[in-house]
Amino acid sequence: MRRLSQRHEVKRIQTGVRMERRIVKVLKALAEYKNLTLGDLLEGIVLHVFEGKAPFTAETLRKIAELKGIYELDLDARSSHQLREKS
C-alpha cells in the first residue's frame, strides 16, 4: 500500500490545447484560489476523473459557481461536444 505523502517524479511536456476562453478564465481563477498552477489543477482533475471520482468538494463547487458568474460562463456538461468555434 502506498503512503499518501509519497511524491512521484514526473516528466511534464508543453501542450497545444485550445479551450473556450471563459472556461480557461474560471480554471485560472480557481487555480489561483487553490494556490496551484493551472497545470497542477488540471492534472488533479484528470487523475480524479480517470478513477471515476469527483475532483471537487462542495465548497470548491460553490467557488466554481461564483467564478462562473463572474466570467459569465453559461456552459455546462450538456454543452460538451456541442461547441463550435466562431469563424
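Reader: Hi! I'm starting at Lys53. What does the side chain of Lys53 make a polar contact with?
Author: Welcome! The partner is the side chain of Glu51, with a polar contact at 3.1 Å. Keep in mind that this is a predicted model.

Reader: Thanks! Where is the place of Lys53?
Author: Lys53 sits in the loop between helix 2 (38-50) and helix 3.

Reader: And how is Lys53 classed by accessibility?
Author: Lys53 counts as partly exposed, because its relative accessibility is 47%, and that class lies between under 20% for buried and over 50% for exposed.

Reader: Let me zoom out a bit. How many helices and strands does the protein have?
Author: There are 3 helices and 0 strands. Read from the N terminus, the order of elements is α-α-α.

Reader: What box do the C-alpha atoms fill?
Author: Along the principal axes, the C-alpha atoms of the protein fill a box of roughly 50 × 30 × 25 Å.

Reader: What share of the residues is buried?
Author: Buried residues account for 17% of the 87 residues. The protein exposes about 8200 Å², and carbon and sulfur atoms supply 53% of that area.

Reader: Can you show me a buried one? Say, Ile64: which helix is the place of Ile64?
Author: Ile64 belongs to helix 3, which covers residues 58-70. It counts as buried because its relative accessibility is 14%, and the cut-off for buried is under 20%.

Reader: Which residues does Ile64 touch, leaving out those up to four places away in sequence?
Author: Ile64 touches Val26, Leu30 and Phe56. As for Ala54, that residue is 10 residues from Ile64 in sequence, and their C-alpha atoms are 14 Å apart in space.

Reader: Changing topic: how many salt bridges does a search of the whole structure find?
Author: The search finds 8 salt bridges. Arg22 is a nice place to begin, and its side chain meets that of Glu20 in a salt bridge at 2.8 Å, N to O.

Reader: Is Arg22 buried or exposed?
Author: Arg22 is buried, because its relative accessible area is 16%. Its partner Glu20 counts as partly exposed, at 21% relative accessibility.

Reader: Which other side chain meets Arg22, at 3.1 Å?
Author: That one is Asp74, again in a salt bridge, N to O. This pair links distant parts of the chain, with Asp74 in the segment after helix 3 and Arg22 in helix 1 (residues 21-33), 52 residues apart. Asp74 counts as exposed, with 61% relative accessibility.

Reader: What about contacts overall: what share of those between residues at least 6 apart in sequence join residues at least 24 apart?
Author: For the protein, that share is 58%.

Reader: Back to salt bridges. What does Asp76 pair with?
Author: Asp76 forms a salt bridge with Arg78, and their closest N and O atoms are 2.3 Å apart. Elsewhere, salt bridges that share partners join Arg12, Asp40 and Glu43 into one network.

Reader: How do Asp76 and Arg78 rate for exposure?
Author: Asp76 counts as partly exposed at 31% relative accessibility, whereas Arg78 is exposed, with a relative accessible area of 68%.

Reader: Last one! How many positive and negative charges are there, and how far apart are their mean positions?
Author: The protein has 18 positive and 12 negative charges, and their mean positions are 2 Å apart.

How values were computed: Residues numbered from 1 in each chain as written. Predicted model: local features only at pLDDT ≥ 70, side-chain atom pairs only at ≥ 80, totals over all residues. Heavy atoms only, no water. Helix = DSSP H or I, 4+ residues; strand = E, 2+ residues; numbered from the N terminus. Buried < 20%, exposed > 50% of the residue type's maximum accessible area, 1.4 Å probe, protein only. Contact = heavy atoms within 4.5 Å. Areas by Shrake-Rupley, 256 points an atom, 1.4 Å probe, with all protein chains shown as cover. Lys, Arg positive; Asp, Glu negative; His and termini not counted. Charge placed at Lys NZ, Arg CZ, Asp CG, Glu CD. Salt bridge = Lys/Arg side-chain N within 4 Å of Asp/Glu carboxyl O. Polar contact = N/O pair within 3.5 Å; in protein donor to acceptor, adjacent residues only side chain to side chain.
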